[in-house]
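Biologist: I am new to this structure and should like to be guided through it step by step. May we begin once it is in view?

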Amino acid sequence: MLKKIWTWSCNNKTFLDKITAVRESIKEDKPVYYHAPHGYDQFAWFQEPPSTWEQTLKNRALQIRQSSKKINLLFSGGCDSTKMLQTFITNNIFIDEITCLKYGITEADIEVTEVAEPYLKQVQHLIPKTKINVKNLTIQDYETYYGDPYWAEKQTWANHIKFRLTHPAMDNLLYHQSDTDMVHILGRDKPHLVYHNSD
């Protein structure tokens, strides 16, 4: 069982997306189970933390560093990945690699081109031993992905469809093309607050 990421299981198999797990459930007439990362099971959600937000971030970064052989931070230049990167840099916690992903479409690459890459150049002297990767999707990546007649179904697990390969390309990078000793950290979709009975 993968305990550092969100997964689904069915019929003694582990899945990285819900749709595939549901297909297995229909095919084998077995229930689907959802699994949160191990850290979520151990966290005291209803207890106010004694640490400040900055100390909490530092503690988490140290925990990731101490439990990982290698770390790769997926960096887009957005607020989530920037805060993660700043936490590692500010607290002098080593990151092995930083990876930016470009879509190969100028209009879609603005955040990486105009924010992420300039920011990395600005802080590079603070992280001289960190390898910086910029990966570019090619027309072949798009043809392969959208050539699948079920491409839209495969994106429904993210709760909405994006007409670019953000999640599939990241997943391919994380699960199929990477060093097995590498732990990847990235910002994902934001949590939602639900008000019940006006509370």
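Biologist: Which residue of E5 does Leu74 stand opposite?

Modeller: This is a predicted model, and E4 and E5 run parallel in it, joined by 3 bridges. The chain passes from E4 through H4 to E5 in a right-handed β-α-β crossover. Within this pairing, the residue of E5 opposite Leu74 is Thr99.

Biologist: Which residue of E6 stands opposite Thr99?

Modeller: E5 also pairs with strand E6, residues 131–136, in the parallel sense over 6 bridges. E5, H5 and E6 make a right-handed β-α-β unit. The residue of E6 that stands opposite Thr99 is Asn133.

Biologist: What is the order of the strands in the open sheet of 4 strands?

Modeller: E5 pairs with E6 in the parallel sense, and E4 and E5 are likewise parallel. E4 pairs with E7 in the parallel sense over 4 bridges, with Ile71 opposite Val183 in E7. The edge strands, each pairing on one side only, are E6 and E7. The order is therefore E6-E5-E4-E7.

Biologist: What angle does the direction of H4 make with that of E4?

Modeller: The twist of the 4-stranded sheet averages 25° from one strand to the next. H4 packs on this sheet and touches E4, E5 and E7. The angle between the direction of H4 and that of E4 is about 145°.

Biologist: How far does H4 reach from its first C-alpha to its last?

Modeller: H4 has 12 residues. At 1.5 Å a residue, the expected span is 16 Å, and the model is close to that value. After the helix comes Asn92, whose phi is positive, near 55°. From first C-alpha to last, H4 reaches 16 Å.

Biologist: Which elements do the buried residues of H4 pack against?

Modeller: The buried residues of H4 are Ser81, Thr82, Leu85, Thr87, Phe88 and Ile89. One of them, Phe88, touches Ala61, Ile71, Leu73, Ile93, Phe94, Ile95 and Ile185, leaving aside residues up to four places away in sequence. The elements that the buried residues of H4 pack against are H3, E4, E5, H5 and strand E7 (182–185).

Biologist: Which element gives the most residues to the largest nonpolar core?

Modeller: Nonpolar side chains tend to be buried together in soluble globular proteins. The largest nonpolar core here has 19 residues, and Leu73, Phe75, Leu85, Phe88, Ile95 and Ile98 touch the most other members. At least two residues each come from helix H3 (53–66), strand E4 (70–74), helix H4 (79–90), strand E5 (97–102) and helix H5 (110–123). The element that gives the most, with 5 residues, is H5.

Biologist: Which residues of E5 are buried on one side and on the other?

Modeller: Side chains in a regular strand alternate between the two faces of the sheet. E5 is mostly covered, since 6 of its 6 residues are buried. Both faces are covered: on one side Glu97, Thr99 and Leu101, and on the other Ile98, Cys100 and Lys102.

Biologist: Why does Lys102 count as buried?

Modeller: Lys102 is found in strand E5. Leaving aside residues up to four places away in sequence, Lys102 touches Asp109, Val112, Thr113, Glu117, Val134, Lys135, Asn136 and Leu137. A residue is buried when its relative accessible area is under 20%. Lys102 counts as buried because its relative accessibility is 14%.

Biologist: In the open sheet of 3 strands, what is the order?

Modeller: The pairing in this sheet is antiparallel. Its edge strands are E2 (13–15) and E3 (33–35), each pairing on one side only. Strand E1, residues 7–10, is joined to E3 by 3 bridges, and Ser9 has Tyr33 as its bridge partner in E3. The order is E2-E1-E3.

Biologist: What share of the contacts with a separation of 6 or more lies between residues 24 or more positions apart?

Modeller: The protein has 8 helices and 7 strands. Of its 199 residues, 34% are buried. Among contacts with a separation of 6 or more, the share between residues 24 or more positions apart is 62%.

How values were computed. Residues are numbered from 1 along each chain as its sequence is written. This is a predicted model: local features need pLDDT of at least 70, side-chain atom pairs count only at pLDDT 80 or more; totals for chains, interfaces and linings use all residues. Side-chain values use heavy atoms; hydrogens and water are left out. A nonpolar core is a set of buried Ala, Val, Leu, Ile, Met, Phe, Trp, Tyr and Cys residues joined through side-chain atoms within 4.5 Å. Buried means under 20% relative accessible area, exposed over 50%, partly exposed in between (1.4 Å probe, protein chains only). Contact means heavy atoms within 4.5 Å. The expected span of a helix is 1.5 Å times one less than its number of residues. Two strands pair if DSSP finds at least two bridges between them. A crossover is right-handed if, with the strands pointing away from the viewer, the path from the first strand over the helix to the second runs clockwise. Axes are lines fitted to C-alpha atoms, for helices over the stretch in contact, and angles run from 0 to 180 degrees between N-to-C directions.
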